[in-house]
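Here is a set of questions and answers to work through with the sequence and the coordinates open. Each answer ends on the value or name asked for.

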Amino acid sequence: MSAEDQIKQTITDNTVVLFMKGTKEMPQCGFSSRVAGVLNYMGVEYQDVNVLADEGIRQGIKDFSDWPTIPQLYVKGEFVGGCDIITEMTLSGELDSMFAENGVGFDKDAADKIREANA
């Protein structure tokens with residue numbers, strides 16, 4: 001199976017997917033750690049894909065999304081963004097809205113605490 005086919009299957013089979021350096025339990029870069037930390041803190045169930053484990057996936061996801069950096073978050077098969085975009089969406093409440101609109105479970109109180117801590 002090609003890297004592109006693996007990526008398509010992963011984002012089709014999982015509601016929320018984070019392509020990251022490392023795993024959700026052990027991120028291997030600060031940007032991946034920030035996004036995984038937000039998702040973990042908010043109690044979002046998601047599939048993590050460690051791009052460091054497969055060079056084909058690491059380059060393939062950049063080509064697939066036409067986005068040069070990792071991490072990359074997908075919800076319901078749609079590319080949402082990288083670390084800066086996810087941070088902005090979290091702080092504005094836009095991420096909450098997107099999760100709610102797509103039936104993704106998350107802890108609203110935890111999301112509010114993130115915003116309070118960064119106000």
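Q: In which helix does Ser32 lie?
A: The model is a predicted one. The helix that holds Ser32 spans residues 30-41. That element is helix 2.

Q: Is Ser32 buried or exposed?
A: Buried means under 20% relative accessible area. Ser32 has 0% relative accessibility, so Ser32 counts as buried.

Q: Which residues does Ser32 touch, not counting residues up to four places away in sequence?
A: Sequence neighbours up to four places away are set aside here. Two prolines are on the list, Pro27 and Pro71. The full set is Met20, Lys21, Pro27, Ile70 and Pro71.

Q: What is the form of the peptide bond from Ile70 to Pro71, cis or trans?
A: Most peptide bonds are trans. Pro71 sits in the loop between helix 3 and strand 3. Omega for the bond from Ile70 to Pro71 is near 15°, and the bond is cis.

Q: Is Ile70 buried or exposed?
A: Ile70 lies in the loop between helix 3 and strand 3. The cut-off for buried is under 20% relative accessible area. Ile70 has a relative accessible area of 8%, so Ile70 is buried.

Q: How many Å apart in space are Ile70 and Phe19, C-alpha to C-alpha?
A: Ile70 is in contact with Phe19, and its other contacts beyond four places in sequence include Met20, Lys21, Ser32, Val51 and Arg58. Ile70 and Phe19 are 51 residues apart in sequence. In space, C-alpha to C-alpha, the value is 6.8 Å.

Q: Which residue in the loop between helix 3 and strand 3 has a positive phi although it is not a glycine?
A: Most residues other than glycine have a negative phi. This one has a phi of about 60°. It is exposed, with a relative accessible area of 69%. The residue is Asp66.

Q: Is Lys76 buried, exposed or partly exposed?
A: Lys76 is in the loop between strand 3 and strand 4. Lys76 also has a positive phi, of about 50°. Partly exposed is the range between under 20% and over 50%. Lys76 has 48% relative accessibility, so Lys76 counts as partly exposed.

Q: Why do the buried residues of helix 3 lie on the same side of helix 3?
A: The buried residues in helix 3 are Ile57, Gly60, Ile61 and Ser65. The face turned away from the buried side carries the exposed residues Glu55 and Asp63. The buried residues are on the same side because they cover an arc around the axis of only 110°.

Q: Which helix is among the elements that cover the buried residues of helix 3?
A: The cover includes strand 1 (16-20), strand 2 (47-50), strand 3 (72-75) and strand 4 (78-81). It also includes a helix, and that is helix 1.

Q: At what angle do the axes of helix 1 and helix 3 cross?
A: Helix 1 covers residues 3-13 and helix 3 covers residues 55-65. Their axes come within 9 Å. The crossing makes helix 1 roughly perpendicular to helix 3. The angle is roughly 75°.

Q: How many nonpolar residues are in the contact of helix 1 with helix 3?
A: From helix 1 come Ala3, Glu4, Gln6, Ile7, Lys8 and Ile11. From helix 3 come Gly56, Ile57, Gly60, Ile61 and Phe64. Three of the contact residues are polar and two are charged. The nonpolar ones number six.

Q: How far apart are the axes of helix 4 and helix 5?
A: Helix 4 (residues 83-92) and helix 5 (residues 94-101) pack at an angle of about 90°. They are therefore roughly perpendicular to each other. In the contact, Ile86, Met89, Thr90 and Ser92 meet Glu94, Leu95 and Met98. The axes are 4 Å apart.

Q: Which residues does Asp96 touch, not counting residues up to four places away in sequence?
A: Asp96 lies in helix 5. At 5% relative accessibility, Asp96 counts as buried. Asp96 touches Met42, Phe106, Lys108, Ala111 and Arg115.

Q: How many disulfides does the structure hold?
A: A disulfide needs two cysteine sulfur atoms within 2.5 Å. The cysteine sulfur nearest to that of Cys29 belongs to Cys83 and is 7.9 Å away. Cys83 is buried, at 7% relative accessibility. The number of disulfides is zero.

Key:
Residues numbered from 1 in each chain as written. Predicted model: local features only at pLDDT ≥ 70, side-chain atom pairs only at ≥ 80, totals over all residues. Heavy atoms only, no water. Axes fitted to C-alpha atoms, helices over the stretch in contact; angles between N-to-C directions. Helix = DSSP H or I, 4+ residues; strand = E, 2+ residues; numbered from the N terminus. Parallel < 35°, antiparallel > 145°, perpendicular 65-115°, else oblique. Contact = heavy atoms within 4.5 Å. Nonpolar A, V, L, I, M, F, W, Y, C, P; charged D, E, K, R; others polar. Buried < 20%, exposed > 50% of the residue type's maximum accessible area, 1.4 Å probe, protein only. Arc of directions from axis to C-beta.
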